[in-house]
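Q: I'm trying to get to know one part of this chain properly. Could you take me through it slowly, and then show me how it fits with the rest?

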Amino acid sequence: YYLKATGTGTTLTTGITKSILTTASIPIGVWRIDWSVQNVVGASGAGTITQSQSFVSTTLDGNNTTVVPFTGSIVRSHVAEVYGNNDIQLITSSFTYQQSTAGVLYLNAFRVFSTGTYSFTGEVAITRLA
């Protein structure tokens with residue numbers, strides 16, 4: 001069993017968590033989950049992101065307390081990152097996941113910034129291990 005899903009560009013509001021991708025329903029089992037978040041900066045929307053969190057959750061638009069409890073399911077940064085116009089940033093991670101009840105997963109993004117225009121696209125690949 002293998003699933004690959006790619007979201008569409010989603011603009012975030014500073015300080016608000018947003019689901020940028022929803023998977024199809026995943027059956028019970030052990031899975032390898034590979035995920036990525038691509039940030040594309042606007043052509044005239046450069047700025048600074050001061051806090052960044054991307055994570056896999058069982059909750060639509062859920063905050064970082066809803067992260068699935070597996071190492072690699074969240075990537076955080078609390079260091080200011082300055083972006084130029086048309087910059088592209090890619091964040092990736094992967095982890096092994098035990099799905100105990102069939103259901104969907106959400107790739108959520110949270111950013112804090114005072115200026116800038118950013119579009120986030122998520123991608124998830126899920127492979128059955130057992």
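**A close look at β10 and what follows it**

A: Let's start with one pair of residues: K4 stands opposite A125, which sits in β10. Keep in mind that this is a predicted model.

That pair belongs to a longer match. Strand β1, residues 2–6, pairs with β10 in the antiparallel sense, and five bridges connect the two. So what else does β10 pair with? Strand β2 is a short stretch, residues 10–11, and two bridges join it to β10, again with the strands running antiparallel. Here you can pick out T10, whose bridge partner in β10 is F120.

Next comes β4, which covers residues 29–41. Strand β4 and β10 are antiparallel too, and they pair over eleven bridges. If you want one spot to look for, find I33, which stands opposite I126 in β10. While you're looking at strands, here's a handy general point: in a regular strand, the side chains alternate between the two faces of the sheet.

Now follow the chain past the end of β10. The strand itself covers 118–128, and L129 lies in the segment after it. Which residues does L129 touch, apart from its neighbours within four places in sequence? They are V30, W31, R32 and T96. Take V30 from that list: V30 and L129 are 99 residues apart in sequence, yet their C-alpha atoms are 5.4 Å apart in space.

That kind of long-range link shows up in the chain as a whole. Looking at contacts with a separation of 6 or more, 82% are between residues 24 or more positions apart.

Let's zoom out to the full fold. The chain has ten strands and zero helices, so from the N terminus on the elements simply read β-β-β-β-β-β-β-β-β-β. The radius of gyration is 15 Å, close to the 14 Å that the globule rule gives for 130 residues, so the chain is as compact as a globular protein of that length. Along its principal axes, the C-alpha trace spans about 45 × 25 × 20 Å.

How about inside versus outside? Of the 130 residues in the chain, 44% are buried. The accessible surface adds up to about 6200 Å², and carbon and sulfur atoms account for 54% of that. As for charges, the chain has 6 positive and 5 negative ones, and the mean positions of the two groups are 8 Å apart.

Methods
Residues numbered from 1 in each chain as written. Predicted model: local features only at pLDDT ≥ 70, side-chain atom pairs only at ≥ 80, totals over all residues. Heavy atoms only, no water. Helix = DSSP H or I, 4+ residues; strand = E, 2+ residues; numbered from the N terminus. Rg over C-alpha atoms; globule rule 2.2 N^0.38 Å. Buried < 20%, exposed > 50% of the residue type's maximum accessible area, 1.4 Å probe, protein only. Contact = heavy atoms within 4.5 Å. Areas by Shrake-Rupley, 256 points an atom, 1.4 Å probe, with all protein chains shown as cover. Lys, Arg positive; Asp, Glu negative; His and termini not counted. Charge placed at Lys NZ, Arg CZ, Asp CG, Glu CD. Pairing = 2+ DSSP bridges.
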